[in-house]
Amino acid sequence: MVQMNQINPDEYIRGILDGNRRMIAKTMTLIESSLKEHQNQAFMVIEKLLPHTGKSIRLGITGVPGVGKSTFVENLGVFLADKGHKVAVLAVDPTSQRSGGSILGDKTRMEKLSAHKNAFIRPSPAGETLGGVAVKTREIMLVCEAAGFDVILVETVGVGQSETTVASMVDFF
């Protein structure tokens, strides 16, 4: 069981609004947690972040496995980051039956982008969720927006033709 320190929701908010990457990641972990106490805390954090959201461009990228989604995301992300945009990548990966975590870990496959100062990559396991996204993808996008990322790229798990859920979460699909 993952034990998270009890942090005041205002500390999460302050860290996110300041662009503190460690706090952004901790907030995402809190949001993805299935523990009831974490979910209550996550709800309070998201509620307070809402006034700071809605200013990014969201792009959903999907396709069959091996088509080049990660390569496209890295090249587009580096291009945008080099132009001064703050780019967040939410990479939804297949889920390990053993650990419950991401199998592919796209962050390691996007070397240039993961090292860029204007980029942030968050791999998340799809779990049992259909539609190519993770259960909390929508909430994690709000964290990215509040943190000042002006472009959010959502890479679906890429299992076939069912990744349409992301279309309702993004501006371009």
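A salt bridge is taken here as a side-chain nitrogen of Lys or Arg within 4 Å of a carboxyl oxygen of Asp or Glu. With that term in hand, the tour may begin; the model on view is a predicted one.

**First stop: a salt bridge between E1 and H7**

Select Arg58 and Glu145. These two residues form a salt bridge, and their closest N and O atoms are 2.9 Å apart. The pair joins distant parts of the chain: Arg58 belongs to strand E1 (residues 57-61) and Glu145 to helix H7, with their positions 87 residues apart. Are the two partners buried or exposed? Arg58 has a relative accessibility of 15% and therefore counts as buried. Glu145, at 7%, is likewise counted as buried.

**Second stop: the whole chain**

Now display the protein as a cartoon. Seven helices and four strands are present. Read from the N terminus, the elements follow the order α-α-α-β-α-β-α-α-β-α-β. The protein has 173 residues, of which 48% count as buried. Among contacts with a separation of 6 or more, 73% are between residues 24 or more positions apart.

**Third stop: the nonpolar cores**

Select Ile16 and Ile24. Within the largest nonpolar core, which has 29 residues, these two have the most contacts. To see where this core comes from, colour helix H1 (9-17), helix H2 (21-32), helix H3 (36-49), strand E2 (87-93), helix H7 (137-146) and strand E4 (151-155); each of them supplies at least two of its residues. Which element gives the largest share of this core? That element is H7, with six residues.

Keep Ile16 selected and show its surroundings. Apart from neighbours within four places in sequence, Ile16 is in contact with Met23, Ile24, Thr27, Val45, Leu49, Val143, Ala146 and Ala147. A second core, separate from the one just visited, has 15 residues, including Leu59, Val78, Ala119 and Ile121.

**Fourth stop: helix H2 and its partners**

Two packed helices are described by the angle between their axes and the distance between the axes. Begin with H2 and H7. Their axes are 10 Å apart, and the packing angle is about 160 degrees. Angles over 145 degrees count as roughly antiparallel, which is why H2 is described as roughly antiparallel to H7. The crossing of H2 past H7 is right-handed. To display the contact, select Ile24, Thr27, Met28, Ile31 and Glu32 on the H2 side, together with Glu139, Ile140, Val143 and Cys144 on the H7 side.

Turn next to H2 and H3. The axes of these helices come within 8 Å and cross at roughly 125 degrees. H2 is accordingly oblique to H3. Here H2 makes a left-handed crossing. The residues of H2 that meet H3 are Thr27, Leu30, Ile31 and Glu32, and their counterparts in H3 are His38, Gln39, Gln41, Ala42, Val45 and Ile46.

**Fifth stop: the remaining salt bridges**

How many salt bridges does the model contain? The count comes to three, and two are still to be visited.

Select Glu32 and Arg122. Their side chains meet in a salt bridge with an N to O distance of 2.8 Å. Glu32 lies in helix H2 and Arg122 in strand E3 (residues 119-125), 90 residues apart, and the pair thus links distant parts of the chain. Glu32 is partly exposed, with a relative accessible area of 31%, whereas Arg122 is buried, with a value of 12%.

Then select Lys48 and Asp10. Lys48 forms a salt bridge with Asp10, and the closest N and O atoms are 2.9 Å apart. This pair connects helix H3, which holds Lys48, with helix H1, which holds Asp10, across 38 residues of the chain. Lys48 counts as partly exposed at 41% relative accessibility, and Asp10 counts as partly exposed at 34%.

**Last stop: the loop before E2**

Finally, select Lys86, which is found in the loop between helix H4 (69-82) and E2. With a relative accessibility of 27%, Lys86 counts as partly exposed. Add Phe149 to the selection: the C-alpha atoms of Lys86 and Phe149 are separated by 4.7 Å, although the two residues are 63 residues apart along the chain. What else does Lys86 touch, not counting residues up to four places away in sequence? Besides Phe149, the residues touched by Lys86 are Asn118, Ala147, Gly148, Asp150 and Val151.

Note on methods. Residues are numbered from 1 along each chain as its sequence is written. This is a predicted model: local features need pLDDT of at least 70, side-chain atom pairs count only at pLDDT 80 or more; totals for chains, interfaces and linings use all residues. Side-chain values use heavy atoms; hydrogens and water are left out. A nonpolar core is a set of buried Ala, Val, Leu, Ile, Met, Phe, Trp, Tyr and Cys residues joined through side-chain atoms within 4.5 Å. Buried means under 20% relative accessible area, exposed over 50%, partly exposed in between (1.4 Å probe, protein chains only). Contact means heavy atoms within 4.5 Å. Axes are lines fitted to C-alpha atoms, for helices over the stretch in contact, and angles run from 0 to 180 degrees between N-to-C directions. Angles under 35 degrees count as roughly parallel, over 145 as roughly antiparallel, 65 to 115 as roughly perpendicular and the rest as oblique. A crossing is left-handed if the near helix is turned anticlockwise from the far one by less than a right angle, and right-handed if clockwise.
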